[in-house]
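The exercises below are meant to be worked with the sequence and the coordinates side by side. Try each task before reading the solution that follows it.

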Amino acid sequence: MAVTTTTQSNAPLVTSIVTDTDTDLTIRSVASAQSNLYFVEITNPSTTSPVYVKIFAAGANTNISTATQHFVQLYCPANTTCYTYVPTGLVVANGIRYYASTEPGVAGTLTAPATDVTVKFGSTPT
């Protein structure tokens, strides 16, 4: 797992940036308490497969095999860096968790990305 957190001491909105350089089917946490999500950056180096990053409240799901519907799903085509900005912040209760697959939704068998997908989250506790 290649997750790092950088504290932003003088930023007006974002107080931490979490970077995961190997996002896959493993559920990981961005924040452990209710937080505002301000941006998500997804870098998908695959030349053939898109990725779908699924974001949900930490208390909602514990594993992908029994996961209920995600809170937000972000699509990023192959060989692309995608940016999502939420200027007013998206409140996610109980903390922010996420994972990525090459298929949308939660039904059926999900496949992990074959290449190392990098995802960055900018958030701050509420």
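**Exercise 1.** In what order do the four strands of the open sheet follow one another, and is their pairing parallel or antiparallel?

*Solution.* Note at the outset that the coordinates belong to a predicted model. Step one is to list the elements: the protein chain has zero helices and nine strands. Step two is to trace the neighbours across the four-stranded open sheet, which gives the order 3-8-5-6 with antiparallel pairing. Step three is to find the edges, which are strand 3 (28-31) and strand 6 (72-76), each of them pairing on one side only. Neighbouring strands in this sheet are turned against each other by 25 degrees on average, with direction ignored. As a final step, look at one pairing in detail: strand 5 (residues 51-57) meets strand 8 in the antiparallel sense over six bridges, and phenylalanine 56 stands opposite arginine 97 of strand 8.

**Exercise 2.** Determine the strand order of the five-stranded open sheet and identify its edge strands.

*Solution.* Following the neighbours across this sheet gives the order 1-2-9-4-7, and the pairing is antiparallel. The edges are strand 1 (3-7) and strand 7 (80-92), since each pairs on one side only. The average turn between neighbouring strands, direction ignored, is 15 degrees here. Within the sheet, strand 4 (residues 35-44) pairs with strand 9 in the antiparallel sense over eight bridges, and valine 40 is found opposite phenylalanine 121 in strand 9.

**Exercise 3.** Which cysteines are joined by a disulfide, and what is its handedness?

*Solution.* A search of the whole structure returns one disulfide. The bond joins cysteine 76 to cysteine 82, with an S to S distance of 2.5 Å. The torsion about the S-S bond of these two residues is about 90 degrees, and the disulfide is therefore right-handed. For the surroundings, compare each relative accessible area with the 20% limit below which a residue is called buried. Cysteine 76 has a value of 0% and is therefore buried, while cysteine 82, at 15%, also counts as buried.

**Exercise 4.** How are the rings of tyrosine 83 and tyrosine 85 arranged: stacked, tilted or edge-to-face?

*Solution.* Counting the aromatic pairs first gives four. For tyrosine 83 and tyrosine 85 the ring centres lie 6.3 Å apart and the planes are at 0 degrees, so that the pair is stacked. The step from angle to class rests on the rule that planes under 30 degrees apart count as stacked. Turning to accessibility, tyrosine 83 has a relative accessible area of 48% and is partly exposed, whereas tyrosine 85, at 58%, counts as exposed.

**Exercise 5.** Where does aspartate 116 lie, and which residues does aspartate 116 touch once those up to four places away in sequence are left out?

*Solution.* Aspartate 116 belongs to the loop that runs between strand 8 (96-101) and strand 9 (117-125). With residues up to four places away in sequence not counted, aspartate 116 touches Thr21, Asp22, Thr43 and Pro45. The C-alpha atoms of aspartate 116 and aspartate 24 are separated by 8.0 Å, although the two residues are 92 residues apart along the chain. For the chain as a whole, among contacts with a separation of 6 or more, 75% are between residues 24 or more positions apart.

**Exercise 6.** What percentage of the 126 residues in the protein chain is buried, and how much area does the chain expose?

*Solution.* Buried residues make up 44% of the 126 residues. The exposed area of the protein chain is about 6,200 Å², of which carbon and sulfur atoms supply 54%.

Notes. Residues numbered from 1 in each chain as written. Predicted model: local features only at pLDDT ≥ 70, side-chain atom pairs only at ≥ 80, totals over all residues. Heavy atoms only, no water. Helix = DSSP H or I, 4+ residues; strand = E, 2+ residues; numbered from the N terminus. Contact = heavy atoms within 4.5 Å. Buried < 20%, exposed > 50% of the residue type's maximum accessible area, 1.4 Å probe, protein only. Areas by Shrake-Rupley, 256 points an atom, 1.4 Å probe, with all protein chains shown as cover. Pairing = 2+ DSSP bridges. Axes fitted to C-alpha atoms, helices over the stretch in contact; angles between N-to-C directions. Disulfide = S-S within 2.5 Å. Phe/Tyr/Trp six-rings, centres within 6.5 Å; stacked < 30°, edge-to-face > 60°.
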